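Trainee: I should like to learn how to read a protein model, one feature at a time. May we begin with the meaning of burial?

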Amino acid sequence: MDILQAIESRHSVRDYTHQIIRTETAERLQAQIDACNQEGSLHIQMVLRHPEAFEGLLARYGQFHNVHHYICLVGRQPGLEERIGYYGERIALTAQQLGLNTCWVGLTYSRRKAQCIIEPGEKLVCVLALGYGATAGKPHRSKPISSLCRVEGPMPAWFRRGMEAALLAPTAMNQQKFCFTLKGNEVTAEAGWGPYTQVDLGIAKYHFECGAGSGRFRWHQPQCRSGRT
């Protein structure tokens, strides 16, 4: 599937089978992780066959079952949360293209038991549950496009396609606390207040880029905390 098909088919999955991730699949996913670490100055790590982080009360409260694999989203400030969202979703969509399922997890897992290396000055922001889902998950409800963007004049078709992709972005508690503003060919992306809203903004920005297409616009620099143009 292409990236837009991956965006449409990717849903949060909390219940997984015991199917082992094949070596070839893991290597292809690791190649994407390596690329994201290089481009985003991050320390993202894939953990396979270590279910301990999802075996406690927090995971049961989050309704997670059989999570044996996950990806630790680690890095350094500044602008860490947005970069984690942007590159973490790029990895999640690659996993979807490889036939795997994922779920963004902020609190309902054991940070203490997560099998990742956190260097001095680094932070574990959240994780991606990973594996073959018992189901494909369900689509989330979305707000109207008009409530999540501002446009001077008629809305260009490319901007609408970007917003349609952004509406499919997973966000904490499905609150969709982001807004995209178009002036000329410049797009400003802003996050609302609340936990993980900067992560959500990074996820939505990656979706927007995939939907809008390259060369159609440029990001308004003061709002681009990760340095992307």
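Mentor: A residue is called buried when its relative accessible area is under 20%, exposed when that area is over 50%, and partly exposed in between, with a 1.4 Å probe and with protein chains only. This is a predicted model, in which local features need pLDDT of at least 70 and side-chain atom pairs count only at pLDDT 80 or more, while totals for chains, interfaces and linings use all residues. Residues are numbered from 1 along each chain as its sequence is written, and side-chain values use heavy atoms, with hydrogens and water left out.

Trainee: Is T94 buried or exposed?

Mentor: T94 has a relative accessible area of 11%, so it is buried. This residue belongs to helix α4, which covers residues 80-97. Helices (H or I, at least four residues) and strands (E, at least two) are DSSP runs, numbered from the N terminus.

Trainee: Which residues is T94 in contact with, leaving aside its neighbours within four places in sequence?

Mentor: Contact means that heavy atoms lie within 4.5 Å. With those neighbours set aside, T94 touches L29 and Q32. For the protein as a whole, consider the contacts between residues at least 6 apart in sequence: 76% of them join residues at least 24 apart.

Trainee: How many helices and strands are there in the protein?

Mentor: The protein has six helices and eight strands. Along the sequence they are arranged as α-α-β-α-β-α-β-β-β-α-β-β-α-β. The radius of gyration, taken over C-alpha atoms, can be set against the globule rule, which is 2.2 Å times the number of residues to the power 0.38. Here the radius of gyration is 17 Å, close to the 17 Å that the rule gives for 229 residues, so the protein is as compact as a globular protein of that length. Of these 229 residues, 52% count as buried.

Trainee: How should I read the pairing of strands?

Mentor: Strands of a sheet pair through backbone hydrogen bonds, and the pairing is either parallel or antiparallel. The criterion used here is that DSSP finds at least two bridges between two strands. Consider strand β4, residues 123-131, as a case. Strand β2 (residues 69-75) is joined to β4 by seven bridges and runs antiparallel to it; within this pair, L73 has C126 of β4 as its bridge partner. Strand β3 (residues 101-105) also pairs with β4 in the antiparallel sense, over five bridges, and there C103 is partnered by A129.

Trainee: Why is β4 described as largely enclosed by the rest of the structure?

Mentor: Eight of the nine residues of β4 are buried, so the strand is largely enclosed by the rest of the structure.

Trainee: What is the order of the strands in the open sheet of four strands?

Mentor: The order is β5-β6-β7-β8, and the pairing is mixed. Its edge strands, each paired on one side only, are β5 (149-151) and β8. From one edge, β5 runs parallel to β6, with three bridges between them, and R150 has T181 of β6 as its partner. Next, β6 (residues 178-183) and β7 (residues 186-191) are antiparallel, with six bridges; F180 is partnered by A189 in β7. Two bridges then link β7 to β8 (residues 218-219) in the parallel sense, where E186 stands opposite R218.

Trainee: Which residue takes a positive phi in the hairpin of β6 and β7?

Mentor: That residue is G184, with phi near 65°, in a hairpin that has two residues between the strands. A positive phi also appears in residues other than glycine: N66 has a value near 60°, and N174 has one near 50°. N66 is placed in the loop between α3 (57-61) and β2, whereas N174 is in the loop between α5 (157-167) and β6. N66 is partly exposed at 34% relative accessible area, and N174 is partly exposed at 31%.

Trainee: Which two residues are joined by a cis peptide bond?

Mentor: They are Q77 and P78, where omega is about 5°. P78 sits in the loop between β2 and α4.
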